[in-house]
Amino acid sequence: MLAFALPLAAALLQAASPADSLTGPGVSRQLAVYRAARVADVRYDLSLDVTAHDTARGHVTIHFVRRGGGDAILDWRGLALAATKVNGEVVTGIVANGAHIRIPARALRRGENSLDFDFASAIAPAGASIIRFHDATDGADYLYTLLVPADANALFPCFDQPDLKARVALTLRVPRAWTAVSNGAIADSTVADSATTFRFERSDLLSTYLVAFAAGPWKTATKTVDGRSITMYARASRFAEVEADSLIDANGRALGWLEGYFARPFPFAKFAFVLAPAFPFGGMEHPGAVFYNEESFVYRERPTLVQRLGRTATIYHEVAHQWFGDYVTMKWFDDLWLKEAFATYMAAKMQAALDPSSQAWKTFYLRNKPVAYGVDVTEGTTPVWQALGNLDQAKSNYGAIVYNKAPGVLKQLNYLVGDSAFRDGLRAYLAGHAYGNATWRDLLGAVGRAAHRDLQPWGREYILRRGVPVLEARPAAVASGASARRVTRVEVAQHAARPLSGDRPWPIRTELLVWGSGASAPSARLPLELRARSTRVALPIGAAEPALLFPNAGDNAYAVTLLDPSSVAWVTNRIGSVDDAFLRAMLWGSLWDLVREARLAPTAYVALARQELPRERDEQIASGVLGRVVRAANHYLSDRQRDSILPALESSLLATASDTARSYGIRKSHLDAFIAVAAGPRALSTLDALLDSATISGLPLRAPTRWAIVTMLVARGASDAEARLAAESKRDSTTEGKRRAFVAGAARPDPASKAEYFRRYFADSTLNEDWATASLDAFNAPGQEAMTLRYLRPALDSLAWIQKNRRIFYLGSWLGAFMSGQTSPDASAIVDRSLAEHPELPADLRSKVLQSADELRRAVAIRRAYAGGDSATR
């Protein structure tokens, strides 16, 4: 079948005409525009045989309508290609160069055309369009595709760009005992010899990155929710652990609510979802076959509230994608935010509507704003709309700006125009681009018409402009009365976090919260429209002297909020008395922003946390604060400071973890923090002893937590760490156990072990990407900075390879782990030298480096500012 291999085609490309600039690596914007003007009405008849271990063999017939002249150029970078036909005829002059296939214009006709190809594609644990997962528990194998953002052309020859949607008819041949799921419903199946062949109904219109199938000995559960049949697929060895009814119900509730909100029925023929093992990110929204990360959906120990809310948010996010992303798709990946931001924002709106007691907007703040601000204050930040010349670079567009900033920007837009106009605008947008493609200007045009205002100027500030505003409020005018002086006005000032944003003000609609001195509740919430760098606000007559000024009450503004000194003093004394959990969460966030700006000592934050956490009842707030305490203890404190405060911190964390009067989630988050900071002999001895027990004061100790303990013992070089690792590996021989053992091994404080892991990250084709990702933080474990510093430059030098060979989130995880694992000026200097010595580094990769380097530089600055134990604030 396979008549020739693609590497031989390089010479053909060199001998081709100048027009071959369209057929360079990846899918260029130039090529996408060229094809969009010439290709329409695409259909794929795709047949795949996946019965072999490492190779899929297939045939595709591509039907399309040709408009105008010129060659037809397809994308293809699979293993091999053969038996090409054009309109049923063998044609000479076809050029395949390892990235594209060029069909000469002379072989094509105006109107309907068909192309036929035989091909072979890779099946592998990582780096392939078809991922193979081997279940060590029962020996079963599972396959699933993952083609986002532009890997469909590694699976089959196609027009791999989002605005050339197609209907796909898939035929899939699998081992006899397997089942399969794809975008379309199963039309029929036949069994012959050792294989089963599934034929699927032709799909609705899809962008190529949404084509999907999963195959293996899945077990299924089907349930009807509000008249809609929903099927779940899970691997057999874990099926008994799956909360099938709850998961199906959550997907069904989301579908029903969104149909009502959008006033538009679910736009695809069926809905099913797969719990995919070793899935490299949280979920993927393929119509008819949504994939969820099994590890996040099937719990090996009792989940916390934070975990349950995270799982629900993922479900709502992926279901929202059925409309935003699948039904209406961005025209090009420069508008990636159009699908990701809306999925996240609609998930929060859905949660607030379906469960009003859930405090969904507090969750939205905690899950999105700190992460967004953490990137948007860096020199590497990008606009929400990110210029993209080639889909090869699209992986770099994934990150906090798209997933966390853009939803926050949408909340500001919603607050600006009002709920009705926002909803009506979205309905018009969906109706106007049904099964098609759109841009950010289309979206703002629809919402603007519903709101009767021009939103394009707003879009230039929030969609096209880099960076984030910083809001600060302070007393501005004082009146003297017969008995006392009184603050009568407040100044709310804004400035850009970085000069790269320019000095013009952002248009911001927000609320100023004023809390009077001695008051038990806020004195006023004043609506504001900020259009200047400084805005003066009159306080209500008779208002008490303000002790707290907070210019982003309700979190409707997208802006970092820094507290003035008097507000800092009030918060550090009164935060525990703030009954509003949403406000309390934001105040903790503002204090942490001061730490990161080196304006509040990390020791002061840790001390305040130790004081207040014993009284904190909100599991989400406690979890977030504890995460910051761990970061401060492991990276922001000098060795002397850490040695001074760590024994008391370890004791307080362990005490709360052992307190049976506290909720499970509070206790579990304290136990996790204790494990993460444990370094002293007594703490490590306690961890070691815990492994001999099934509980800690009634709190169950099961596999994930036990593995976290083992990993920390290994990282700290505890005397019996290797024996504990061997014993836990024997105790937990499941696939999940093997993954955790691999992670623990990465934490070994041993140069030879580090060298072997680093080698395997690049050279081991059998290493699953999920395993590699999970091990990166352990490789860069706290306390091992001197040992891992030597890998920082090689990690930076490998970015082009990682971008080409790994999935969309791996690059950020890689840089984040290697940068945030360091705290020294030497490490910062290595990054600076790398950037200076590589001026040719593509802009997208340079931005990623600068984003991650910011946390390293802040650690250095904080340690320099406060290592001497200077005053708590600056």
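# Exercises on a predicted model

In strand 20, Phe-291 is the bridge partner of Met-284. Here strands (E, at least two residues) and helices (H or I, at least four) are DSSP runs, numbered from the N terminus. The model is predicted, so local features need pLDDT of at least 70 and side-chain atom pairs count only at pLDDT 80 or more, while totals for chains, interfaces and linings use all residues. Residues are numbered from 1 along each chain as its sequence is written, and side-chain values use heavy atoms, with hydrogens and water left out.

**Exercise 1.** Place the pair Met-284 and Phe-291 in its sheet.

*Solution.*
- Step 1. Find the pairing. Strand 19 and strand 20 (residues 290–293) are antiparallel and share 2 bridges. Two strands pair if DSSP finds at least two bridges between them.
- Step 2. Find the sheet. It is open, has 5 strands in the order 16-17-18-20-19, and its pairing is mixed.
- Step 3. Find the edges. Strand 16 (219–225) and strand 19 (283–284) each have a single partner strand, so one side of each lacks a neighbour in the sheet.

**Exercise 2.** Describe the sheet with the order 4-7-6, and say which residues stand opposite Ile-101.

*Solution.*
- Step 1. Read the order. This open sheet has 3 strands and antiparallel pairing. Strand 4 and strand 6 stand at the edges with a single partner strand each, so one side of each is left without a neighbour in the sheet.
- Step 2. Take one side of strand 7. Strand 4 (residues 72–75) is joined to strand 7 by 4 bridges. Leu-74 stands opposite Ile-101.
- Step 3. Take strand 6 (residues 95–96). Its link to strand 7 has 2 bridges. Ala-96 stands opposite Ile-101.
- Step 4. Look at the turn. Strand 6 and strand 7 form a hairpin with 3 residues between them. Gly-98 in this turn has a positive phi of about 90°.
- Step 5. Check the faces of strand 7 (residues 100–103). His-100 and Arg-102 are buried on one side, and Ile-101 and Ile-103 are buried on the other. Buried means under 20% relative accessible area, exposed over 50%, and partly exposed in between (1.4 Å probe, protein chains only).

**Exercise 3.** Is Asp-688 buried or exposed, and which residues does Asp-688 touch?

*Solution.*
- Step 1. Locate the residue. Asp-688 belongs to helix 18 (residues 681–690).
- Step 2. Apply the cut-off. Asp-688 has a relative accessible area of 16%, so Asp-688 is buried.
- Step 3. List the contacts (heavy atoms within 4.5 Å). Leaving out residues up to four places away in sequence, Asp-688 touches Leu-713, Asp-720 and Arg-724.

**Exercise 4.** Describe the largest pocket and its lining.

*Solution.*
- Step 1. Fix the terms. On a 1 Å grid over the protein atoms alone, a cavity is a set of points where a 1.4 Å probe fits but cannot get out. A pocket is an open set with protein on both sides within 12 Å along at least five of seven lines. Lining residues have an atom within 4 Å of a point. Points are joined across faces, edges and corners, and a volume is the space filled by probe spheres set on them.
- Step 2. State the volume. The largest pocket has about 910 Å³.
- Step 3. Go to the centre. Of 35 lining residues, Arg-77, Gly-127, Asp-151, Lys-804 and Asn-805 are the closest to it.
- Step 4. Name the elements. Strand 8 (111–124), helix 22 (751–763) and helix 26 (799–805) each give two or more residues. Helix 26 gives the most, with 5 residues.
- Step 5. Sort by class. The lining has 16 nonpolar, 10 polar and 9 charged residues. Ala, Val, Leu, Ile, Met, Phe, Trp, Tyr, Cys and Pro count as nonpolar, Asp, Glu, Lys and Arg as charged, and the others, Gly among them, as polar.

**Exercise 5.** Describe the second largest cavity.

*Solution.*
- Step 1. Count. There are 8 cavities of 30 Å³ or more.
- Step 2. Give the volume. The second largest cavity holds about 80 Å³ of space.
- Step 3. Name its walls. Helix 14 (602–612), helix 15 (619–636) and helix 16 (639–657) each supply at least two lining residues. Helix 16 gives the most, with 4 residues.
- Step 4. Sort by class. The lining has 7 nonpolar, 3 polar and 1 charged residues. Among them are Leu-613, Ser-652 and Arg-610.
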